[in-house]
Amino acid sequence: MKIVIGNKLKELSKENFKELLAQEWEKIEVDLGTGNGRYVYKKALEKPNNLYIGIDPVEKQLRKYSRKAVRKNLENVLFVLASAEMLPEELENTADKLNVLLPWGSLLDHVANFNQEHMQNILAILKSGGDLRLVFGYTEEQEPTETERLNLENLNEAYIKEELIPRYENAGLTLKNFKEMTREDLQELETSWSKKLSFGKPRPMFLLEFKKK
């Protein structure tokens with residue numbers, strides 16, 4: 001498994017990763033598409049008894065908060081270099097909670113269209129009884145190129161309730177919560193992108209929370 005430590009890319013062996021997981025963590029939380037890693041860094045500071053794993057395919061982005069984590073000597077946060085399409089097999093069945101917060105590109109396609117093959121691989125990260133939290137949104141008017149490229153559906157409450165939620169439920173998940181996000185909700189997410197969006201032009205943003213059977 002490739003991980004970013006400060007400015008360096010290193011290899012974490014399966015044995016060392018197992019040793020890390022075996023520590024007495026209260027909860028293991030994974031953030032897929034973590035970007036610069038702000039979310040997992042902030043959470044690791046707040047809750048030292050939890051292990052936080054941020055995953056992103058862009059090494060340069062991960063360096064920012066990995067450097068901060070090194071300076072703080074945080075031992076409960078890991079920055080993994082990987083894509084949603086090529087997740088390390090070591091991550092299977094590790095997470096008590098899996099976040100996909102404000103995805104873009106192919107990850108948005110997997111979440112908003114429920115790409116069966118890739119979502120099954122993503123959901124494999126979760127333990128039985130684990131929680132999945134999704135936050136996403138887009139509009140054809142504001143993102144015409146991306147919505148066309150990804151063949152995204154018109155995003156609204158009806159589409160989510162009638163089309164999207166049943167796809168997740170058929171994949172072995174139980175819906176716990178569904179709502180449209182407010183600006184205040186976005187600010188509380190503690191990601192760099194959510195901060196920008198909370199002050200930008202309004203657009204529909206939705207929260208979906210599921211439990212894995």
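**View 1. Polar contact between the side chain of T147 and the backbone of E143.** In this predicted model, a polar atom of the T147 side chain lies 2.9 Å from the backbone oxygen of E143. T147 belongs to helix 6, which spans residues 144-149.

**View 2. Surroundings of T147.** The relative accessible area of T147 is 8%; because the cut-off for a buried residue is under 20%, T147 counts as buried. Apart from neighbours within four places in sequence, the residues in contact with T147 are Y138, T139, E140 and L152.

**View 3. Strand 4 and its enclosure.** Strand 4 covers residues 50-56, and 7 of its 7 residues are buried, so the strand is largely enclosed by the rest of the structure. The side made up of N50, Y52, G54 and D56 points one way, while L51, I53 and I55 point the other way. Residues on both sides are buried.

**View 4. Pairing of strand 4 with strand 3.** Strand 3 (residues 27-32) runs parallel to strand 4, and the two pair over 6 bridges. Within this pairing, G54 of strand 4 stands opposite D31. Helix 2 (residues 38-46) joins these two strands in a right-handed β-α-β unit.

**View 5. Pairing of strand 4 with strand 5.** Strand 5 (residues 77-81) also pairs with strand 4 in the parallel sense, here over 5 bridges. D56 has L81 in strand 5 as its bridge partner. Between strand 4 and strand 5 the chain passes through helix 3 (residues 59-71), and this β-α-β crossover is right-handed.

How values were computed
Residues numbered from 1 in each chain as written. Predicted model: local features only at pLDDT ≥ 70, side-chain atom pairs only at ≥ 80, totals over all residues. Heavy atoms only, no water. Helix = DSSP H or I, 4+ residues; strand = E, 2+ residues; numbered from the N terminus. Buried < 20%, exposed > 50% of the residue type's maximum accessible area, 1.4 Å probe, protein only. Polar contact = N/O pair within 3.5 Å; in protein donor to acceptor, adjacent residues only side chain to side chain. Contact = heavy atoms within 4.5 Å. Pairing = 2+ DSSP bridges. Right-handed = clockwise from strand over helix to strand, strands pointing away.
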